[in-house]
Amino acid sequence: MSAILPPADRLWWKQPLDRVEGTWIVIAFVWCMVMFAMMVGWHIYGKQNLSTETYKTTRELYSAKAQAMVDRYTVRKETDKEIPVVHPPAGSDVYLVARLWDWWPILELEKDKTYRLHLTSMDYNHGFSLQPVNINIQVVPGYEHVIKVTPNQAGTFSIICNEYCGIGHANMAGRIYVK
Amino acid sequence: MSDDQQVPLMQQLLDNHFLLLFLGVMVPMLVYTLWGVIDILTIPIAK
């Protein structure tokens, strides 16, 4: 029997299914269903596959919102780039700007309080990677991702950029404080 | 021989090469590309 010759029987559909072939099909199908269910499962129970709200935005509109938050809630400045440290109220919208080549501003959040974290880029694609928790979200210019965060651990967390964005990419690190 | 018997529908479908080509191109195009573009175009505007 050869796979490249026409079937021997004109009505080849009527040939009964071989037991091994039938078993193989069933096993492969069941595994596909398991993997599909895992996609749903990981989204609900996993820590990495997040659901974000997404909006179309502009640089001007978003920077206005971020600047308003910084103007109201800045507590101090840090680093030699004088990045403002912002302590917004619990339950509010907090804005993070990714741009060549830093994360602005530095957020100071409270443990066990929920915030709506907004992310966008002012120029190219960046990658928001919260370490060591390892939560990763693409940050795209022209679009705003909103994610509900509830910090459950106090400390200092770093944000690194994990989407190559040019010569300063390796130094594009920010931080989030959780008190 | 079974020359006078009706060809089963499944066999007619699987023997029709151009139909299979059409489905192989159209189904991914609709389910992935078209649906994806619709998803992107219907992203709401930020307030």
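Biologist: What makes up the secondary structure of chain B, in helices and strands?

Modeller: Chain B has 2 helices and 0 strands. Helices (H or I, at least four residues) and strands (E, at least two) are DSSP runs, numbered from the N terminus. Bear in mind that this is a predicted model, where local features need pLDDT of at least 70, side-chain atom pairs count only at pLDDT 80 or more, and totals for chains, interfaces and linings use all residues. Residues are numbered from 1 along each chain as its sequence is written, while chains are lettered from A and ligands numbered from 1 in the order in which they are written.

Biologist: How many of the residues of chain B count as buried?

Modeller: A residue is buried if 20 or more other C-beta atoms lie within 10 Å of its own, exposed if 12 or fewer, and partly exposed in between, with C-beta atoms placed from the backbone. Of the 47 residues of chain B, 0% count as buried. The C-alpha trace of chain B spans about 70 × 15 × 5 Å along its principal axes.

Biologist: And what is the radius of gyration of chain A, set against a compact globule?

Modeller: Taken over C-alpha atoms, the globule rule is 2.2 Å times the number of residues to the power 0.38. For 179 residues that gives a radius near 16 Å, but chain A has 25 Å. The C-alpha atoms of chain A fill a box of roughly 80 × 35 × 25 Å along the principal axes, and 18% of its residues count as buried.

Biologist: What makes a set of residues in this model a nonpolar core, and which have the most contacts inside the largest one?

Modeller: The set must be buried Ala, Val, Leu, Ile, Met, Phe, Trp, Tyr and Cys residues joined through C-beta atoms within 7 Å. The largest such core has 20 residues, and those with the most contacts inside it are A:V94, A:Y95, A:L96, A:A98, A:L107 and A:L119. Its largest share, 5 residues, comes from strand 4 of chain A.

Biologist: How do you know which residues A:L119 is in contact with?

Modeller: Two residues are in contact if their C-beta atoms, placed from the backbone, lie within 7 Å. Leaving aside neighbours within four places in sequence, A:L119 has such contacts with, among them, A:L96, A:F128 and A:H145.

Biologist: How many residues of chain A are in contact with chain B?

Modeller: By that cut-off, 12 residues of chain A are in contact with 11 residues of chain B. Strand 1 of chain A gives the most to its side, with 3 residues.
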